[in-house]
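Visitor: I'd like to go through this one term by term. Could you tell me what sits behind each label?

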Amino acid sequence: MRDTYRREINYLRVSVTDKCNLRCIYCLPPEGVKSIPHDEILRDEEFEAIVRAAALVGIRKIRLTGGEPLVRRGVEDLVRRFANIPGIDDITLTTNGILLPDHAAALKEAGVKRVNISLDTLKDDRYREVTRGGSLASAWKGIQAALDAGLHPVKLNTVVVRDFNDDEVESMARLTKKRPLHIRFIELMPIGTCNKWTEGRFVPAGEILDRINRRVGRLHPAKMAEGDGPAKYYRFEGALGTVGFITSMSEHFCENCNRLRLTSSGGLRPCLYDAREIDLKTPLRRGAGDREIADLIMEAVDLKPDRHHMDEGWTDKKRVMSQIGG
Ligand code: SAM
């Protein structure tokens with residue numbers, strides 16, 4: 001299906017829970033956020049019905065996210081339901097990796113093709129600080145579990161924050177030389193809890209690329225075999241992995257946007273940065289069929305703005321990132 005700007009929309013990001021087992025500083029306020037009541041969260045069969053309707057109008061790719069998708073009980077069953085829907089041919093997952101050792105093999109078996117794992121630092125103390133108590137060793141076990149389960153390519157998402165981890169971009173990039181890991185440096189977005197900690201700490205991707213080119217070695221433009229999204233990829237000569245950049249702020253890629261976002265409580269958002277949501281839960285719970293839901297999905301597609309307006313600040317007082325699904 002095409003939106004009003006002639007973009008092909010074929011990708012749905014599904015936040016399967018608002019709960020998370022970490023509390024990253026730039027994502028959640030220190031006091032946390034009030035959990036959405038259990039009965040407001042979509043049940044497996046409701047997620048399945050929405051994805052089935054979405055497939056009718058051209059959605060092909062699903063990414064499970066959250067919150068932390070692996071804290072949802074029975075997440076593999078949900079993946080299996082999605083994998084059985086005709087038309088859905090790509091299922092991926094974004095996770096902090098902590099629970100992957102217990103889930104990687106089962107997720108692969110259920111139909112997840114590959115994973116993105118968030119990893120902002122290679123230092124224990126910094127990991128504990130940014131995640132408010134998380135263990136870097138556990139995240140690494142998760143990364144290893146993803147590699148062992150064959151969830152390739154394993155991509156690592158690193159949000160770069162000035163004077164927190166910008167001095168690690170060289171060592172993170174170096175990881176890709178000997179290991180089949182694909183680091184993606186993500187520009188900090190002014191979303192949700194844009195709190196004091198992040199103020200003035202934006203680092204443009206161009207600066208990171210420059211720094212790596214000067215201090216580690218020449219990065220050459222590269223193509224990712226699978227899962228080419230908005231990142232621009234590079235590779236060191238002979239490296240097993242790649243180095244990518246997601247330039248949401250310095251050079252937005254909205255003209256190629258192909259996605260919609262479903263919140264765990266059934267709100268369909270046309271854009272991460274657009275507070276308008278089409279409520280799918282209410283019609284579903286009063287018995288709407290696939291065609292009616294598909295029509296509502298088309299309405300969300302029609303609402304897609306030409307581009308995000310993050311530079312104007314975050315105005316959605318109702319939601320933080322963990323509730324929308326990053
Ligand atoms: N819990 C999972 C995880 O850690 O990957 C999935 C949800 S998390 C919200 C998804 C991604 O959003 C993470 O890679 C996180 O770093 C990123 N993220 C959260 N807030 C962000 C912000 N303000 N700017 C850029 N990325 C952000």
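**Labels and their cut-offs**

Guide: Helix H2 (residues 75–83) packs with helix H3 (residues 100–110) at an angle of about 15 degrees, their axes 8 Å apart. Axes are lines fitted to C-alpha atoms, for helices over the stretch in contact, and angles run from 0 to 180 degrees between N-to-C directions. Helices (H or I, at least four residues) and strands (E, at least two) are DSSP runs, numbered from the N terminus.

Visitor: Why are H2 and H3 called roughly parallel or antiparallel to each other?

Guide: Angles under 35 degrees count as roughly parallel, over 145 as roughly antiparallel, 65 to 115 as roughly perpendicular and the rest as oblique. The pair packs at about 15 degrees, therefore H2 and H3 are roughly parallel. Their contact (heavy atoms within 4.5 Å) involves, among others, Val-75 and Val-79 of H2 and Ala-106 and Leu-107 of H3.

Visitor: Before going on, what kind of model is this?

Guide: It's a predicted model: local features need pLDDT of at least 70, side-chain atom pairs count only at pLDDT 80 or more, and totals for chains, interfaces and linings use all residues. Residues are numbered from 1 along each chain as its sequence is written, and side-chain values use heavy atoms, with hydrogens and water left out.

Visitor: What makes E7 and E12 edge strands?

Guide: Strand E7 (219–222) and strand E12 (278–279) each pair on one side only. Two strands pair if DSSP finds at least two bridges between them. The open sheet has 12 strands in the order E7-E8-E9-E6-E5-E4-E3-E2-E1-E10-E11-E12, with mixed pairing.

Visitor: How do you know that E5 and E6 pair?

Guide: Strand E5 (residues 154–160) and strand E6 (residues 181–187) are joined by 7 bridges and run parallel, so the requirement of at least two is met. Asn-157 stands opposite Arg-184 in E6.

Visitor: What makes H6 and H7 roughly perpendicular?

Guide: The axes of H6 and helix H7 (residues 205–215) cross at roughly 70 degrees and come within 10 Å. That value falls in the perpendicular range, so H6 is roughly perpendicular to H7. Ala-173 of H6 and Ile-208 of H7 are among the contact residues.

Visitor: Why is the meeting of Lys-232 and Glu-251 called a salt bridge?

Guide: A salt bridge is a side-chain nitrogen of Lys or Arg within 4 Å of a carboxyl oxygen of Asp or Glu. Lys-232 and Glu-251 meet at 3.2 Å, N to O, so they qualify. Lys-232 lies in strand E8 and Glu-251 in the loop between E9 and strand E10 (259–262), so the pair ties together parts 19 residues apart in sequence.
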